[in-house]
Amino acid sequence: MDLLNTLVDKGLRRELPTREEALAVLATSDDELLDVVAAAGKVRRQWFGRRVKLNYLVNLKSGLCPEDCSYCSQRLGSKAEILKYTWLKPDDASKAAAAGVAGGAKRVCLVASGRGPTDKDVDRVSETISAIKEQNEGVEVCACLGLLSDGQAGRLRAAGADAYNHNLNTSEATYGDICTTHDFSDRVSTVQQAQAAGMSACSGLIAGMGESDADLVDVVFALRDLDPDSVPVNFLIPFEGTPLAKEWNLTPQRALRILAMVRFVCPDIEVRLAGGREVHLRSLQPLALHLVNSIFLGDYLTSEGQAGKDDLAMIEDAGFEVEGTDTTTLPEHRRQDSGEAADPAEAADDEAGDPTATVPAPSDETRRDLVSVRRRGAGTDLPPNA
């Protein structure tokens, strides 16, 4: 396909595709899927070889969030039967993190539900970061605490936080459809505060919420404009008891096309396969490793993932290798000049059909049996999955 040849050439030069080219990737057929994966795989291997970075989530505080994000099982008014607990003590959080590191994780992601941290919360997380770093040499720590207030990013950086995660989730045009308690600009501002404080920015999206192809492309281009070092791609887990419980809009094939599109737009950025991969990619998960260079190990915040040992076996069987702590994830040019981002190319005539059309729900049966609420690890007396 001329489209794929063009996108590979651009990706190898770190040149952005046009929006129309990105839309065209999402519009490819299932018959073309392996060609799409192979093309995006060339770009992935150019900048990241066959390395896979492992990340491990520690949910510091679960549930009871005052925000109304429709996709979230921890939201205000959620009836999802998830674990609910207040802040883990720093030592308990450090022990949970150690399990992930022992399983091969290079980065520990400390997450807490809520609109944003108080200054006391920042102190508590700072203690946790110190405990983790003291006990796990070489580990990266990423904090994800919600919207930041003035000065908090600098305090987290001073405490040893390497990165800060705050996802944009969906396009600015449709953000109000999934959340009313804060807006898109609040999220952008927090990412920028983290970058200004010297932390590596981690910001991504959630696919499968009923968005159009144009929405997906818009949020990925908005992310590229922010120039984060890491872009997590989540696939909606439709928890019972949340407003989006009936949104089963993804097939494994569509999920792969979304990942390929993100790789073409973010050729030299860490693209991370995040929540929902087991639910929506299912047996095609190994193919995704040709598109992403980073995954989460084991469980997620409120849902269970596949066994950590199965993650490791999948990586090995697919011909990839776990990235060690002695290896730098990003290509050298991004480490030297991480603020440089290519300008988007001018849009060409749209040949990908109507970009505002909502993607129809797949015809296969809803797989609610694949949504498994986390009942082990942080906040419980059971050992974690790592």
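Which residues of helix H2 are buried? The legends below go through close-up views of this predicted model, and the first one gives the reply.

**View 1. Helix H2 is mostly covered.** Helix H2 spans residues 19-26, and 7 of its 8 residues are buried. Those buried residues are Glu20, Glu21, Ala22, Leu23, Ala24, Val25 and Leu26. What do they pack against? Their partners are helix H1 (2-12), helix H3 (33-48), helix H9 (213-226) and helix H10.

**View 2. Leu156 and Phe235 sit in the largest nonpolar core.** As a reminder, in soluble globular proteins nonpolar side chains tend to be buried together. Here, the largest nonpolar core has 101 residues, and Leu156 and Phe235 touch the most other members. Helix H10 (residues 252-265) gives the most to this core, with 9 residues. Try finding the partners of Phe235: leaving aside neighbours within four places in sequence, Phe235 is in contact with Ile206, Ala207, Leu250, Ala255, Ile258, Leu259, Leu273, Gly275, Gly276, Arg277, His280 and Leu281. There is also a second, separate core of 10 residues, and Leu57, Cys142, Ala274 and Phe296 are among them.

**View 3. The largest cavity has a volume of about 900 Å³.** How many cavities of 30 Å³ or more does the structure hold? There are 3. The largest cavity is lined by 42 residues, and Tyr71, Cys72, Gln74, Asn167 and Leu301 lie nearest its centre. Strand S2 (107-112), strand S3 (140-144) and strand S7 (230-235) are the elements that give two or more residues to this lining. Sorted by class, the lining of the largest cavity has 23 nonpolar, 14 polar and 5 charged residues.

**View 4. The second largest cavity has a volume of about 110 Å³.** Its lining is made of 14 residues, with Tyr56, Leu57, Asp299, Arg374 and Ala378 nearest the centre. Which strand gives the most to this lining? Strand S1 (residues 51-61) does, with 4 residues. By class, the lining of the second largest cavity has 8 nonpolar, 3 polar and 3 charged residues. Look out for Leu57 here: this residue lies in the second core too.

**View 5. The largest pocket holds about 310 Å³ of space.** The largest pocket is lined by 18 residues, and those nearest its centre are Arg107, Glu140, Ser200, Asp229 and Leu330. What does the lining look like by class? The lining of the largest pocket has 1 nonpolar, 7 polar and 10 charged residues.

**View 6. Leu64 and Asn169 each have a positive phi.** Most residues other than glycine have a negative phi, and that is a good reason to pause at this pair. Leu64 has a phi near 60 degrees, and Leu64 lies in the loop between strand S1 and helix H4 (90-102). For Asn169, phi is about 75 degrees, and the place of this residue is in the loop between strand S4 (163-165) and helix H7 (175-178). Are these residues buried or exposed? Leu64 is exposed, because its relative accessible area is 65%, over the 50% cut-off. Asn169 counts as buried, because its relative accessibility is 2%, under the 20% cut-off.

Key: Residues numbered from 1 in each chain as written. Predicted model: local features only at pLDDT ≥ 70, side-chain atom pairs only at ≥ 80, totals over all residues. Heavy atoms only, no water. 1 Å grid on protein atoms, 1.4 Å probe; cavity = no way out; pocket = protein on both sides within 12 Å on 5 of 7 lines; lining within 4 Å. Points joined across faces, edges and corners; volume = space filled by probe spheres on them. Nonpolar A, V, L, I, M, F, W, Y, C, P; charged D, E, K, R; others polar. Core = buried A, V, L, I, M, F, W, Y, C linked by side-chain atoms within 4.5 Å. Buried < 20%, exposed > 50% of the residue type's maximum accessible area, 1.4 Å probe, protein only. Contact = heavy atoms within 4.5 Å.
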